[in-house]
Amino acid sequence: MTKKQAIIRGLKSFDYLLALSVIGVSIFGVAMIYASANHAGMPMSEAARFGGLWRQQRVFVITGTVLMLAFACIDYRFITRFYLAIYGFMMVLLVAVMLVGADDGTNTARWLAIPAPVIGPISLQPSEFTKIFMILFLSKFLDVKKDDFNRILWLILVLITIGVPVILVERQPSLSAALVVLFVSMSILFTAGLKLRHILLGALVITPILVLLWLDLQRENPLVIGHVLRDYQLNRIQAALSADPNPDHVHQLEGSRRAIASGGLTGQGFMNNSVYLIFAHNDLVFSVVAEQFGFVGSTAIIGIMMFMVVKCMLIGLRAIDMQGRLIAIGVAGLLLFETFVHVGVVTGLLPTTGMPFPFLSYGGSMMWVHMMAMGIVLNIGLKRDVDELADAEI
């Protein structure tokens, strides 16, 4: 097949609807960030600082779209050839952010300032990039070791390669990102063919630990969890479980609930903000959608996200090799888990945690990572001959 024929076949098999869905939700996110940052109840001192967020997000969407299209043109099998280097680079970033990461004044170090010519330093969040790096590494590693990873020693090694970055991300601290990495990794491991006996063994070990932690959480002063979680994390969980929580711990959550309720069926309308939500451009952006566009708008956004998840899964099922299937399933798990947790938090069904909504929430690292992930999935979905698989291994 000539290069021209390959390009024509790629253009014909490109999933334009999936790509347009990603871009559409991202553009809608810019509008929601604009609405949340131009809030009538926001103090004037903060309005100036947050008023330009939508402009920054607009740049993130444009650059992210370029990244998505670029990765859609790069054979994913070429990228995964460097899976060991990807894992090593990820570990360097996670260690670096712990040592020299920017402290925002809350004893957290989640950002690295990367020098860039002309435009100045760029702040990157390694915990976000860990999500896509782990998907790429684990998918290729399990493909290479598909005949061995169910052996106990190899399985232990796999769990260690998952556990180390999860712990490093949690220590930043970024519990929400750590949970995402853990969930996505377990999804990939399960899809790769983890044997039932190992799943049952894991359940036998984990279940009693979870029960003991739950009982410990019921104590006024937990003995174990208090040493694992930070005070604010523990307070959020206890606030979610308490029938009469401390108002200081649920102020934003209560505002989120009221905003969602005020949206009703069709919403208050764009830019018709209530006084309930302030600084909702990231972890509470879905509440802005529900307030302004109501149940109809909220359901539409969730429906589009579920469409993306299903499309990723279908692309994975049609992939010509195991690594392609695992990458697509991993990205589907990424979108599903983040969407579920974000909506669960803003509605009060889950304890408060800083979980962004894919493509809607503010953030450059978040946007770039998710766009790159979707670009790789789009590349996996391009029509290929099975014979190409052998050529790729040479």
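**Exercise 1. The second largest pocket**

Which element gives the largest share of the lining of the second largest pocket? Work this out on the predicted model, then describe the pocket.

Solution.
- Start with volume. The second largest pocket holds about 540 Å³ of space.
- Next, find its centre. The lining has 17 residues, and Leu-159, Met-186, His-198, Gly-202 and Ile-206 are the closest to the centre.
- Then assign elements. Two or more lining residues come from each of α8 (152-170), α9 (175-191) and α10 (196-217).
- Pick the main contributor. Helix α10 supplies the largest share, seven residues.
- Finish with chemistry. The lining of this pocket divides into 15 nonpolar residues, two polar and no charged.

**Exercise 2. The chain as a whole**

Describe the secondary structure, burial, contacts and surface of the chain.

Solution.
- Count elements. The chain has 17 helices and three strands.
- Check burial. Of the 394 residues, 48% are buried.
- Look at contact range. Take contacts between residues at least 6 apart in sequence: 73% of them join residues at least 24 apart.
- Turn to the surface. The accessible area is about 19500 Å², and carbon and sulfur atoms account for 69% of it.

**Exercise 3. The largest nonpolar core**

Which residues have the most contacts inside the largest nonpolar core, and which helix gives the most to this core?

Solution.
- Size the core. It has 95 residues.
- Name the hubs. Leu-142, Phe-359, Met-374 and Ile-376 have the most contacts inside the core.
- Assign the helix. Helix α15 (residues 322-346) gives the most, with twelve residues.
- Zoom in on Phe-359. Neighbours within four places in sequence aside, its contacts include Val-22, Val-25, Met-305, Met-308, Leu-335 and Met-374. Ser-26, Gly-29 and His-370 are also among the residues that Phe-359 contacts.

**Exercise 4. Two polar or charged side chains**

Is Gln-57 buried or exposed? Is Glu-128 buried or exposed? Place each residue and list its contacts.

Solution.
- Place Gln-57. It sits in helix α4 (residues 53-73).
- Apply the cut-off. The relative accessible area of Gln-57 is 0%, so Gln-57 is buried.
- List its partners. Beyond four places in sequence, Gln-57 touches Val-30, Ile-33, Leu-360, Ser-361, Tyr-362, Gly-363 and Met-367.
- Place Glu-128. It belongs to helix α7 (residues 126-144).
- Apply the cut-off again. Glu-128 has a relative accessible area of 5%, so Glu-128 is buried.
- List its partners. With neighbours within four places left aside, Glu-128 contacts Pro-356, Ser-365, Met-366, Val-369 and His-370.
- Check one distance. The C-alpha atoms of Glu-128 and Ala-177 are 7.0 Å apart, with these positions 49 residues apart along the chain.

Conventions:
Residues numbered from 1 in each chain as written. Predicted model: local features only at pLDDT ≥ 70, side-chain atom pairs only at ≥ 80, totals over all residues. Heavy atoms only, no water. 1 Å grid on protein atoms, 1.4 Å probe; cavity = no way out; pocket = protein on both sides within 12 Å on 5 of 7 lines; lining within 4 Å. Points joined across faces, edges and corners; volume = space filled by probe spheres on them. Helix = DSSP H or I, 4+ residues; strand = E, 2+ residues; numbered from the N terminus. Nonpolar A, V, L, I, M, F, W, Y, C, P; charged D, E, K, R; others polar. Buried < 20%, exposed > 50% of the residue type's maximum accessible area, 1.4 Å probe, protein only. Contact = heavy atoms within 4.5 Å. Areas by Shrake-Rupley, 256 points an atom, 1.4 Å probe, with all protein chains shown as cover. Core = buried A, V, L, I, M, F, W, Y, C linked by side-chain atoms within 4.5 Å.
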